[in-house]
Amino acid sequence: MRNIYVCCLIAFTFLNCQEDSTVEAEIAKVDVDFVVERFDLVFSKAQPQDLGQLKATFPFLFAKRIPDSVWINRMNDTLQQQLFQAVDKQFGDFKDARQELSRLFQHLKYYDKSFSMPRVVTLTNDVDYRYPVIVTDSLALLALDNYLGSDHEFYGNIPEYITANMTKDQLVVDLADEYGKRVIFPNEKKNFLEEMVFFGKALYFKDKVIPFKSDFEKMGYTQSQLEFAKVNENMIWTHFVQNEMLFSNDNSLVSRFIAEAPFSKFYMDIDNQTPGRLGQYVGWQIVRAYMNNNDVGLIELMETDPMEIFNKSNYKPSK
């Protein structure tokens, strides 16, 4: 019986790989036509007399309440010039990043028929790491000064668990995350389990639209942090169940296991060894289990009630 089970598992894995390869071949043919507009480069070379043209070309970047003098001072600010130079050194001609953006857009266009190509604009935002990318129906704004490298001198006052993901490899991951959150049906999250499944949907969305990224990159973990989550998945789930957390509406559970943090808070000796956001990781595995056991499309998944996902997932944590 064991041999039969192993053979069936191998066959199932082989068929899935074949199917994935076929889909990826189709996606590679999807046409995406876009230009990356380097506002950061243009502004770094601009003179005060160029301001009118800049405002006409990029009106969405210039708030009417901000006087021209602020922008002119910014042009002459030596710290801003250092920031522009750091971005240029990190991204160069933007060729590698553009290739990843192109692959992301191909996947978005394939899975979401309502997706339309955005106007892609790069800029700097004084390292406001809370908003490294902004997405609207027609725009994708990429603040490149948030991706200079985790140990960059400009990030000296930012916590390490945040700067760990301030690398150029995370740019397309953050953009995929923003697009995912735009298509997730905004269910009113009533309990901890629904919070986990919400973020599980966002992570599964990244499975499909940036499959060329590793799981630890999608999660924003190091390899060792991801390994910790995998090895301890059963322990984590057991802790949630035994402490009756799943259906609790205690907001502290979000800060302990969902929100960005240096580690998760079990209130145990093991805490300092844990990565943050382990609730997101468990939600990801629940959604993956649901998709493995149900014939559902990606966009349909985004609209499915979290409790339905959990109930039909047959989720069993890895041991």
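Which residue of strand 4 is the bridge partner of Val 120? In this predicted model, the bridge partner of Val 120 in strand 4 is Ala 140, and the pairing to which this bridge belongs is a convenient place to begin a description of the sheet.

**The sheet**

The sheet is open, has four strands in the order 1-2-4-3, and shows mixed pairing. Strand 1 and strand 3 (133-135) stand at the edges with a single partner strand each, so one side of each is left without a neighbour in the sheet. Neighbouring strands are turned against each other by 20 degrees on average when direction is ignored. Strand 2 (residues 119-123) pairs with strand 1 in the parallel sense over three bridges, and strand 2 also pairs with strand 4 (residues 139-143) in the parallel sense, there over five bridges. Thr 122 takes part in both pairings, being the bridge partner of Arg 38 and, on the side of strand 4, having Leu 142 as its own bridge partner. Strand 2 is mostly covered, with four of its five residues buried.

The bridge partners named here are collected below.

| Residue | Bridge partner | Strand of the partner |
|---|---|---|
| Arg 38 | Thr 122 | strand 2 |
| Val 120 | Ala 140 | strand 4 |
| Thr 122 | Leu 142 | strand 4 |

**Helix 5**

Helix 5 (residues 78-91) has 14 residues, which at 1.5 Å a residue should span 20 Å, and because its end C-alpha atoms are 20 Å apart, the model agrees with that expectation. Within helix 5, the residues Gln 80, Leu 83, Phe 84, Ala 86, Val 87 and Phe 91 are buried. These buried residues cover an arc of only 160 degrees around the axis, which means that they lie on the same side of helix 5. On the other side of the helix, Thr 78, Gln 85 and Lys 89 are exposed. The packing partners of the buried residues are strand 1 (36-38), helix 2 (39-45), helix 4 (68-76), helix 6 (95-111) and helix 8 (171-183), so helix 5 has one of the sheet's edge strands among its partners.

Both ends of helix 5 carry a local feature. At its start, a side-chain oxygen of Asp 77 comes to within 2.9 Å of the backbone nitrogen of Leu 79, while the residue that follows the helix is Gly 92, whose phi is positive, near 55 degrees.

**Helix 8 and Val 172**

Helix 8 lies across strand 3 and strand 4 and runs at about 35 degrees to strand 3. Val 172 is found in this helix, and its relative accessibility of 1% is why Val 172 counts as buried. Not counting residues up to four places away in sequence, Val 172 touches Glu 100, Leu 101, Leu 104, Ile 210, Phe 212 and Lys 213. Of these contacts, Ile 210 is 38 residues from Val 172 along the chain, and the two C-alpha atoms are separated by 8.1 Å.

**Phe 58**

Phe 58 lies in the loop between helix 3 (51-57) and helix 4. Is this loop residue buried or exposed? At 5% relative accessibility, Phe 58 counts as buried. Leaving aside neighbours within four places in sequence, Phe 58 is in contact with Glu 37, Phe 39, Arg 119 and Val 121. By contrast, the C-alpha atoms of Phe 58 and Ser 264, which are 206 residues apart along the chain, are separated by 42 Å.

Conventions
Residues are numbered from 1 along each chain as its sequence is written. This is a predicted model: local features need pLDDT of at least 70, side-chain atom pairs count only at pLDDT 80 or more; totals for chains, interfaces and linings use all residues. Side-chain values use heavy atoms; hydrogens and water are left out. Helices (H or I, at least four residues) and strands (E, at least two) are DSSP runs, numbered from the N terminus. The expected span of a helix is 1.5 Å times one less than its number of residues. Buried means under 20% relative accessible area, exposed over 50%, partly exposed in between (1.4 Å probe, protein chains only). The arc is that of the directions from the helix axis to the C-beta atoms. Contact means heavy atoms within 4.5 Å. A polar contact is a pair of N or O atoms within 3.5 Å; within protein, one must be able to donate a hydrogen and the other to accept it, and residues adjacent in sequence count only if both atoms are side-chain atoms. Two strands pair if DSSP finds at least two bridges between them. Axes are lines fitted to C-alpha atoms, for helices over the stretch in contact, and angles run from 0 to 180 degrees between N-to-C directions.
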